[in-house]
Amino acid sequence: MTDTVAESIRQDLDQGQVLRTAAGARRRRYALVVLGWLVFIGLWWLLALWVGSEARLPSPGRVFQEVLAILQEDFWAQFWASIVRVVAGFFAAVLIGTPVGLLMGRSKYWSNFLQSPVVVAGSIPGLTYAVMAFVVFGISFWGPVLAVGLIAMPYVAINVAEGMRGVDRRLVDMSTAYGRNERQVFRHVVIPSVLPFVFAGVRLSFSLAWKVGTLTEVFGSSKGIGFQIRRNYQLFNMPGVIAWVLLFVLFMLLIERFILVRLERRLFRWRQWEREA
Amino acid sequence: MAQVVIKRLTKTFPPPTKGGDPVVAIGDISLEVEGNVFASIVGPSGCGKSTLLNILSGVETPTSGTVSVTESGRPAHLGYVFQDARLLPWRTVMDNMLYVRDDGEAGETRATRYLDMVGLSHTHDMFPGQLSGGMQQRVGIARAFSVEPDLLLMDEPFSHLDAITARSLRDHLQELWSATRKTVLFVTHDVVEAVQLSDRIIVLAPGGRIFDDITIDLPHPRRATDPKVATLQAEILGRFEEMHPAPAPA
Ligand SMILES: Nc1ncnc2c1ncn2[C@@H]1O[C@H](COP(=O)(O)OP(=O)(O)OP(=O)(O)O)[C@@H](O)[C@H]1O
Ligand SMILES: [Mg+2]
């Protein structure tokens with residue numbers, strides 16, 4: 001969600017500044033981002049002053065010290081533990097969601113059969129999955145993996161089904177006319193048309209999956225960012241809780257911006273030239 | 001040089017609305033086309049021209065009747081140029097050429113040759129989205145020639161283009177055809193275009209029946225500006241006038 005808002009603001013900015021230089025537009029964009037952060041930190045600082053208790057709402061400075069401490073301590077180990085689970089869960093989601101989506105997109109019969117369970121699965125709150133995963137696996141590596149897989153799978157399936165429906169009939173006919181067999185059509189027409197949809201599904205559910213993964217770690221893990229948040233909470237270390245949350249958000253954004261978006265741009269290089277036919 | 005034999009072919013589509021009548025796209029066509037002939041199929045919109053080509057290429061199946069497309073006894077290789085370019089947007093121009101017939105180095109050599117012939121040698125590594133509509137259509141034409149088909153099917157390949165581009169591509173096509181002399185079935189509703197390009201014009205009437213079969217006896221390549229072509233165009237257009245008389249001048 002935050003991402004789409006940011007995207008639309010960026011587009012508005014871009015459109016308003018067609019006549020100015022691209023470099024100027026970029027500078028202004030960054031300036032706004034920095035300004036946003038400053039305002040946020042300023043408000044937080046005022047709020048902390050008003051609360052007047054570092055134990056209940058620590059000031060930005062105090063939390064910043066904590067962040068530095070965590071970074072020097074074991075942040076990377078914890079971060080790595082979390083990310084491995086999220087990625088493993090995602091992998092499972094794509095592995096199961098893709099064939100389900102392919103079936104749904106392929107025939108009315110399967111679509112009717114699978115549509116409601118998938119939609120229901122997609123609208124169950126993440127907390128439910130976190131609890132379920134804990135009940136099934138107890139404190140384990142697999143709990144968060146299961147929760148992430150369950151939350152992300154419907155998104156992948158629905159997007160793949162959507163992508164299947166969008167496969168261009170005319171390109172399939174062209175392939176038939178030139179004697180391409182079903183395997184070739186699947187590989188060279190169906191997969192490339194569906195792939196952007198798979199990716200959109202992954203991006204959409206990524207932040208959700210992260211949140212659920214972390215939530216599951218809160219009670220079903222002995223490692224990872226979620227577990228660290230709980231540990232600091234039990235020690236009544238509010239600066240620690242907030243520092244971990246901040247680091248969590250920051251790295252989620254960084255991964256999204258610098259890995260997912262870049263990967264998408266690179267994979268779908270051809271899309272930048274696509275026009276309406 | 002392929003041999004196309006169509007016997008008592010019909011094609012009916014299910015009714016577009018519930019309880020409506022089925023759509024007769026082709027109502028009983030028998031036709032033979034053979035040898036290095038450029039044959040055009042002309043007729044008003046909806047008379048089943050595209051459907052006919054789709055049946056010949058195996059994209060659609062006949063409701064009744066038979067078609068056979070052979071080359072000295074074996075099934076013929078086909079090339080197909082569509083109304084729209086139908087390139088895979090995620091593949092470069094060269095990869096699009098290789099998609100339809102990939103036989104390694106030979107395929108690449110042929111692809112290069114035909115891209116050169118349509119004036120697109122600089123586009124090998126570009127994506128379709130980077131080309132203009134006319135350039136994409138030229139890739140579609142080069143692709144059809146590059147499979148070295150026994151039979152070339154073309155479905156109104158120039159109708160989406162502006163008049164100037166279309167005219168230059170027609171001249172291109174005349175050059176290409178004169179050099180290769182494939183069997184061609186060329187669908188159009190432009191009589192003037194048909195006369196410039198074809199040795200034979202098969203006229204379809206609404207309801208998918210053959211209305212007329214005209215032979216054009218002029219040497220190739222023919223240019224649009226050739227006065228002999230212009231004279232024949234006027235004469236044949238006149239025949240169509242008789243079929244659909246123009247309103248008398250007031
Ligand atoms: N896949 C289809 N399903 C249902 N009806 C179809 C289908 N394809 C064609 N038709 C119908 O068959 C008839 C002939 O269509 P076709 O596309 O062959 O006409 P055409 O001669 O190529 O027309 P145009 O010059 O406009 O391209 C039309 O009435 C059309 O609505
Ligand atoms: Mg048509």
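Domain bounds here come from an automatic or database domain assignment. With that in mind, welcome to this predicted model. In chain B, the assignment gives domain 1, made of residues 1-77, 151-158 and 167-245, and domain 2, covering 83-148. Taken over C-alpha atoms, the centres of domain 1 of chain B and domain 2 of chain B are separated by 24 Å. Where they touch, domain 1 of chain B contributes 12 residues and domain 2 of chain B contributes 11 residues.

Let us look at that interface. The size of an interface is often given as the accessible area lost when the parts come together. Between domain 1 of chain B and domain 2 of chain B, the buried area is about 1200 Å², and carbon and sulfur atoms give 73% of it. On the domain 1 side, you can look for Leu152(B), Leu169(B) and Leu176(B): they supply 40% of the area that domain 1 of chain B buries against domain 2 of chain B, more than any other three residues.

What about the charged and polar links? The rule finds zero salt bridges across the interface of domain 1 of chain B and domain 2 of chain B. There are, however, three residue pairs in polar contact between domain 1 of chain B and domain 2 of chain B, counted with both residues at pLDDT 80 or more.

Which elements of domain 1 of chain B give two or more residues to the side that touches domain 2 of chain B? They are strand S7 (151-155) and helix H5 (163-180) of chain B. H5(B) gives the most to this side of domain 1 of chain B, with five residues. Sorted by class, the side of domain 1 of chain B that touches domain 2 of chain B holds seven nonpolar, two polar and three charged residues.

Now turn to a sheet in chain B. Four strands form an open sheet in the order S2-S1-S4-S5 (chain B), with antiparallel pairing. Strand S2 (23-34) and strand S5 (74-75) of chain B stand at the edges with a single partner strand each, so one side of each has no neighbour in the sheet. Strand S1 (residues 3-13) and strand S4 (residues 64-71) of chain B run antiparallel and are joined by six bridges. To find your place in this pairing, start from Ile6(B), which stands opposite Val67(B) in S4(B).

Finally, visit chain A. Chain A is divided into domain 1 (1-52) and domain 2 (60-276). The centres of domain 1 of chain A and domain 2 of chain A, taken over C-alpha atoms, are 26 Å apart.

Methods:
Residues are numbered from 1 along each chain as its sequence is written. Chains are lettered from A and ligands numbered from 1 in the order in which they are written. This is a predicted model: local features need pLDDT of at least 70, side-chain atom pairs count only at pLDDT 80 or more; totals for chains, interfaces and linings use all residues. Side-chain values use heavy atoms; hydrogens and water are left out. Contact means heavy atoms within 4.5 Å. Buried area is the accessible area (1.4 Å probe) that two parts lose on being put together, summed over both. A salt bridge is a side-chain nitrogen of Lys or Arg within 4 Å of a carboxyl oxygen of Asp or Glu. A polar contact is a pair of N or O atoms within 3.5 Å; within protein, one must be able to donate a hydrogen and the other to accept it, and residues adjacent in sequence count only if both atoms are side-chain atoms. Ala, Val, Leu, Ile, Met, Phe, Trp, Tyr, Cys and Pro count as nonpolar, Asp, Glu, Lys and Arg as charged, and the others, Gly among them, as polar. Two strands pair if DSSP finds at least two bridges between them.
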